[in-house]
Amino acid sequence: MEVLMNPGPSFPDPLVTPADISKLSENVDVNKELGYVFDAITQTRKGLDGAVPLIGFCGAPWTLFAYMIEGGGSKTLQKAKSWLFRYPEESKALLLRIADVCVDFLVGQVKAGAQLLQVFDSWAGELSPHDFDEFSLPTLKHISTQVRRRLSEENIPGVPMTLFAKGANFALSKLAQEGGYDVLGLDWCIDPVEARRLVGDKVALQGNMDPNVLYGGRDAIERTVKRMCEAFRAGGGGWIANLGHGITPGVDPEDMRWFLECVHKYSAQ
């Protein structure tokens, strides 16, 4: 499908009914279609020269599915969710097809030099716990299982895998037990201490500052980072400092630099 960025993902010709699935490619050659991504990863890995690890990523099947049907972002996801309820089996089949392409894409990124992988399910929190378990979770487990299997079969060392299911804090315990990921990302709507209680010692945690704090000035950034680091330490276990979702376009890069400096300052205490 054609996708444009203006500024978020936009699909000029979205899927309207399951009949439109026939317009999709039966077999996707990620090396042909996304080879430029792999080239960029290799160049970046060489340019970093070991200074920091390079993270590869992809969107999760449910999030991609939603964009493909909505045509872009949506406040209600009415069209995408209507598919789940009206065409459940067709939806599951399409979600699995997307998951298989995600597996190919992530394995290709590791081959190109990515040292960690992250799967972003940005619309996970739009699903009820039941619908998340039925439509999203199986594809997330499929990705973690198949990526590890493929890397093992090709004698490629495995890499840590992170899952960020935004808004699906109700699923943290189940994802830690069953998801197959090494790290779970947190949004800013859950306290790290509570998250650690839910996941136990099964996974590391990642997150979770509200990205909009980056617009609040340096004092607010420092206060929030300090509180975040203290909460992760109080919860115990391994953790990775991060924002609770993606950085937004208007952030001053110098404020982002300050965030990172504060992370180094307070995570070391």
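# A guided tour of cavity, pocket, helix pair and backbone

A search of the whole structure, which is a predicted model, finds one cavity of 30 Å³ or more. The volume of this largest cavity is about 40 Å³. To display its wall, select Leu163, Phe164, Ala165, Ala168, Leu172, Leu175, Leu184 and Gly185. The elements giving two or more residues to that lining are β5 (161-165), α7 (172-178) and β6 (183-185). Strand β5 gives the most, with three residues. Colouring the lining of the largest cavity by residue class shows seven nonpolar residues, one polar and no charged.

**The second largest pocket**

Proceed next to the second largest pocket, whose volume is about 170 Å³. The selection for its lining consists of Trp188, Ile190, Asp191, Pro192, Asn208, Met209, Asp210, Val213, Thr224, Arg227, Met228 and Ala231. Two or more residues of this lining are given by each of β7 (204-209) and α9 (218-235). Which element supplies the largest share of the lining of the second largest pocket? Helix α9 does, with four residues. By class, the lining of this pocket divides into seven nonpolar, two polar and three charged residues.

**A cis bond in β7**

Keep Asn208 selected, as this residue of the pocket lining also lies in strand β7. The peptide bond from Gly207 to Asn208 is cis, with omega near -5 degrees. Most peptide bonds are trans.

**A cis bond before Pro7**

For another cis bond, move to Asn6 and Pro7: the peptide bond from Asn6 to Pro7 is cis, and its omega is near -15 degrees. Pro7 is placed in the loop between β1 (4-5) and β2 (9-10).

**Helices α2 and α5**

Now select residues 35-48, helix α2, together with residues 88-112, helix α5. The axes of these two helices come within 8 Å and cross at roughly 30 degrees. The crossing in which α2 passes α5 is right-handed. To inspect the contact itself, show the side chains of Val37, Phe38, Ile41 and Thr42 in α2, and add Phe105, Gly108, Gln109 and Ala112 in α5, which they meet. The residues of this contact comprise five nonpolar, three polar and no charged.

**From Asp49 to residues 55-71**

Continue along the chain from α2 to Asp49, in the loop between α2 and β3 (55-59). What is unusual in the sign of phi at Asp49? The phi of Asp49 is near 50 degrees, a positive value in a residue other than glycine. Most residues other than glycine have a negative phi.

Finally, select residues 55-71, where UniProt, in an unreviewed entry, places the feature "domain: Uroporphyrinogen decarboxylase (URO-D)". Over residues 55-71 the chain is 59% helix and 29% strand. A distance drawn between the end C-alpha atoms of residues 55-71 gives 27 Å.

Definitions and conventions. Residues are numbered from 1 along each chain as its sequence is written. This is a predicted model: local features need pLDDT of at least 70, side-chain atom pairs count only at pLDDT 80 or more; totals for chains, interfaces and linings use all residues. Side-chain values use heavy atoms; hydrogens and water are left out. Axes are lines fitted to C-alpha atoms, for helices over the stretch in contact, and angles run from 0 to 180 degrees between N-to-C directions. A crossing is left-handed if the near helix is turned anticlockwise from the far one by less than a right angle, and right-handed if clockwise. Contact means heavy atoms within 4.5 Å. Ala, Val, Leu, Ile, Met, Phe, Trp, Tyr, Cys and Pro count as nonpolar, Asp, Glu, Lys and Arg as charged, and the others, Gly among them, as polar. On a 1 Å grid over the protein atoms alone, a cavity is a set of points where a 1.4 Å probe fits but cannot get out, and a pocket is an open set with protein on both sides within 12 Å along at least five of seven lines; lining residues have an atom within 4 Å of a point. Grid points are joined across faces, edges and corners, and a volume is the space filled by probe spheres set on the points. UniProt positions are given in the numbering used here, feature names are shortened, and annotations may be inferred rather than shown by experiment.
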